[in-house]
Amino acid sequence: MYGAADFCGGFASKRAAVSVVLVGSQVAGLALLALALPFLHELWRRDDLVLGAVAGVAGALAVGLLYRALAIGTMGVISPITAVLAASIPIAYGVLARGEHPTTLATYGIGCALVAVVFVSLADGADRRNVRSHAGIPPGLIEALGAGALFGCFFVVLARIPADAGLAPLVGARAASIPLLLVACLATRQPVLPTRANAPIIALAGGLDMLANITFVLAMHAGGLLAIVSVLSALYPASTVILAAIVLHERLNRYQWVGVGFAFAGVALIAAGK
């Protein structure tokens, strides 16, 4: 779902300012979360809400940097860097700090998934030759590194929250991220209100992003290993590329087909190794 959310957000960003997409999608996600809360049981503790707020700030900054990187760079450079960092940081934290020990099959699955992230995001030779660099640094590289690190921190912080907190921390996340984005937009005089034509796709992006966050939290609460849950979450470039092929009729190149194959193999190995 993260991939579908990014696809919708990227599509919306071609027709509206990034600030409009960011704020609108965050508000739409909060609305969906409000609808889900009555069906679940949450414990509203201050510490959990504070951790949620920290995660929300990290997530909002990560999305902003990602959109900025995609605006000035190319997916063949930006997407794999962001996704691999977003998975690698939680994997390292899960293994080193939480003492997680994935099974052998699951470990192979994690490896396949990381390879998939790289291959599914590779552009063909012509696209790679079109990438211009400044002082040897590809455009958007710094932003991609920052986005990947912040996404990784987002996953780690959410994983630290006790299971009985339910979805309450996600409320704290949105309570922190939405005011932060509004203040930033007002300070820089960026627009925040979508047009009637852009509102549906922006709302869909926000809803899918929140659904992805909810499923991540529920997976962690169900006892899933952070090393496994995070790497599955980082497979979002695969769904983004597939949606682009279906909706926008973009053709998958040979590298991306290899990546899709590795993605399916990784999911199968992780599922078999639970």
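Axes here are lines fitted to C-alpha atoms, for helices over the stretch in contact, and the angle between two of them runs from 0 to 180 degrees between N-to-C directions. With that in hand, let's walk through this predicted model, starting with a pair of helices.

Take α2 and α8. Their axes come within 10 Å and cross at roughly 155°. Angles over 145 degrees count as roughly antiparallel, and α2 and α8 are therefore roughly antiparallel to each other. Their crossing is left-handed. If you would like to find the contact on screen, look on the α2 side for Ser19, Leu22, Val23, Gln26, Val27, Gly29, Leu30 and Leu33. Facing them from α8 are Leu170, Val171, Arg174, Ser177, Ile178, Leu181, Leu182 and Cys185. Sorted by class, this contact has eleven nonpolar, four polar and one charged residues.

Some of these names come back when we turn to empty space. Rolling a probe the size of a water molecule over the atoms shows where such space is left. The second largest pocket holds about 310 Å³ of space. Its lining is made up of 17 residues, and those nearest its centre are Val18, Ser19, Leu22, Gly64 and Leu181. Which elements give two or more residues to this lining? They are α2 (18-36), α3 (46-72) and α8 (168-187). Ser19 and Leu22 of α2 and Leu181 of α8 also take part in the contact between those two helices. The biggest contribution to the lining of this pocket, seven residues, is that of α3. By class, the pocket lining has twelve nonpolar, four polar and one charged residues.

Now for enclosed space. How many cavities of 30 Å³ or more does a search of the whole structure find? The search finds one, and the volume of this largest cavity is about 350 Å³. Around the largest cavity are 24 lining residues, with Tyr2, Asp6, Val63, Phe151 and Asp209 nearest its centre. At least two lining residues come from each of α1 (2-13), α2, α3, α7 (141-159) and α9 (199-221). Here too α3 has the largest share, again with seven residues. The cavity lining divides into 14 nonpolar, seven polar and three charged residues.

Two of the helices around the cavity, α7 and α9, make a second packed pair to look at. Their axes are 10 Å apart and the helices pack at an angle of about 45°. That angle is neither under 35 degrees, nor over 145, nor from 65 to 115, so α7 and α9 are oblique to each other. The crossing of α7 and α9 is right-handed. On the α7 side, the contact is made by Phe154, Phe155, Leu158 and Ala159. The partners from α9 are Asn213, Phe216, Val217 and Met220. Of the residues in this contact, seven are nonpolar and one is polar, with no charged residues.

How values were computed: Residues numbered from 1 in each chain as written. Predicted model: local features only at pLDDT ≥ 70, side-chain atom pairs only at ≥ 80, totals over all residues. Heavy atoms only, no water. 1 Å grid on protein atoms, 1.4 Å probe; cavity = no way out; pocket = protein on both sides within 12 Å on 5 of 7 lines; lining within 4 Å. Points joined across faces, edges and corners; volume = space filled by probe spheres on them. Helix = DSSP H or I, 4+ residues; strand = E, 2+ residues; numbered from the N terminus. Nonpolar A, V, L, I, M, F, W, Y, C, P; charged D, E, K, R; others polar. Left-handed = near helix turned anticlockwise from the far one by under 90°. Contact = heavy atoms within 4.5 Å.
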